[in-house]
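Thanks for making time this morning. I would like to walk through one chain with you, starting from a single residue and working outward to the whole.

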Amino acid sequence: MLAVARLILGQTQAEVAEHSGISPRTIYMIEKGAAGIASVEKLVRHYGRCGVIFLAPSGTEGWGIRANFVAGSYDDERPE
């Protein structure tokens, strides 16, 4: 889910590292699922500041992501 958040922002691991203060190696480990919770929480806070919101599972649906910086709808972009 954290790799998806990075991709939604259109950033590489190196770019996220530069802006978040987390080392590129740690970002790699987080996305691989092999990092400590403190590092994961720091990355989640960084993505939150960038406009990415993580949605907890509810009912039968799993985790989700909302990007509050995306405006408009896909219908607006469809040619007639």
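**One residue and its surroundings**

Leaving aside residues up to four places away in sequence, Ile22 touches Ala17, Ile27, Ser39, Lys42 and Leu43, where contact means heavy atoms within 4.5 Å. Please keep in mind that this is a predicted model, in which local features need pLDDT of at least 70, side-chain atom pairs count only at pLDDT 80 or more, and totals for chains, interfaces and linings use all residues. Residues are numbered from 1 along each chain as its sequence is written, and side-chain values use heavy atoms, with hydrogens and water left out.

Ile22 also belongs to the largest nonpolar core, which has eleven residues, among them Leu2, Val16, Ile30, Tyr47 and Phe54. Such a core is a set of buried Ala, Val, Leu, Ile, Met, Phe, Trp, Tyr and Cys residues joined through side-chain atoms within 4.5 Å, and buried means under 20% relative accessible area, exposed over 50%, with a 1.4 Å probe and protein chains only.

Turning to helix 3 (helices being DSSP runs of H or I, at least four residues, and strands runs of E, at least two, numbered from the N terminus), its buried residues are Ile27, Met29 and Ile30. These lie on the same side of helix 3 because they cover an arc of only 160 degrees around the axis, taken from the directions from the helix axis to the C-beta atoms. They pack against helix 1, helix 2 and helix 4, while Arg25 and Lys32 are exposed on the other side.

Overall, the chain has four helices and two strands, and 24% of its 80 residues count as buried.
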